[in-house]
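Reader: Hello! I am new to this structure and would love a close look at one part of it. Could you walk me through the salt bridges, please?

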Amino acid sequence: MASGKINKKKQQESDKYSVLLPTYNERENLPLIVWLLVKYFGKSGHNYEIIVIDDGSPDGTMQIAEQLQKIYGDDKIVLRPRPKKLGLGTAYVHGIKHATGNFIIIMDADLSHHPKFIPQFIEKQKEGAYDVVSGTRYRGDGGVYGWDLRRKLISRGANFITQVLLRPGASDLTGSFRLYKKDVLESLVEHCVSKGYVFQMEMIVRARQLGYTIGEVPISFVDRVYGESKLGGNEIVSFLKGLLTLFATT
């Protein structure tokens, strides 16, 4: 019994969390999100690295990332830029290749996702040995702040339609704040064919399809403080097309 507890403690001490931060024009947000990540990982004592995947931002995001690396060290801030925008799914593939952690955390760099929830994600994962832990805006004390009525209706509507058609076994399909076992994320990325905003939804649907376990943590989602939202009419149309594709193939 005692040896089991010791082995579990050793495993927890050897766990490492790689945070993937895909960025495009996040010059103002990046220093804040990195500072918060360092703060909350420091408090919790978990081993971590932050992998910044910048897609050729014209606003100088990469130069800011280089300064942050000098401040926090290249063992904590890992820079893996790409020459241009190549999509979220490929950004994750790129980041996974360079990740040294056995767990991967994906989140937005625009301060929509607060790092204070990460210790809860880690605790939840250990509690049920989950393959995936997903942040949810639609359960418990989760919620959305800073959105106008249109954005709230789009998000709620998209989530409702998705629940009806796909029955995914998770309450928030369109969110992008999650913790994955590294090998599970690698497997899911291989199986996913969607791009853009549908990609996150497909990840959960494929996880259910492949028999992976999913835990949830209620989170507060706050609309970006700096920069412009990347959600537009084209993304909404793409979402609906992708939803119908998933409905037909899962």
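Author: Happy to; here is a tour of three charged pairs and where they sit. Please keep in mind that this is a predicted model. The structure holds 8 salt bridges, and the three below are among them.

Let's begin with Asp-131 and Lys-181, whose side chains form a salt bridge at 3.3 Å, N to O. The two residues are 50 residues apart, so this pair links distant parts of the chain: Asp-131 is in the loop between helix H5 (118-128) and strand S5 (132-136), while Lys-181 belongs to strand S7 (residues 178-181). Asp-131 has a relative accessible area of 13%, so it is buried. Lys-181, at 23%, counts as partly exposed, because buried means under 20%.

The next pair is Arg-137 with Asp-172, a salt bridge of 2.7 Å, N to O. Arg-137 lies in the loop between S5 and strand S6 (143-145), and Asp-172 in the loop between helix H6 (149-166) and S7, so parts 35 residues apart in sequence are tied together. Both ends are hidden: Arg-137 is buried at 6% relative accessibility, and Asp-172 is buried at 1%.

Finally, the side chains of Arg-139 and Glu-216 meet in a salt bridge of 2.6 Å, N to O. Arg-139 sits in the loop between S5 and S6 and Glu-216 in strand S8 (residues 214-218), so this pair joins parts 77 residues apart in sequence. Arg-139 is partly exposed, with a relative accessible area of 49%, whereas Glu-216 is buried at 15%.

Note on methods. Residues numbered from 1 in each chain as written. Predicted model: local features only at pLDDT ≥ 70, side-chain atom pairs only at ≥ 80, totals over all residues. Heavy atoms only, no water. Salt bridge = Lys/Arg side-chain N within 4 Å of Asp/Glu carboxyl O. Helix = DSSP H or I, 4+ residues; strand = E, 2+ residues; numbered from the N terminus. Buried < 20%, exposed > 50% of the residue type's maximum accessible area, 1.4 Å probe, protein only.
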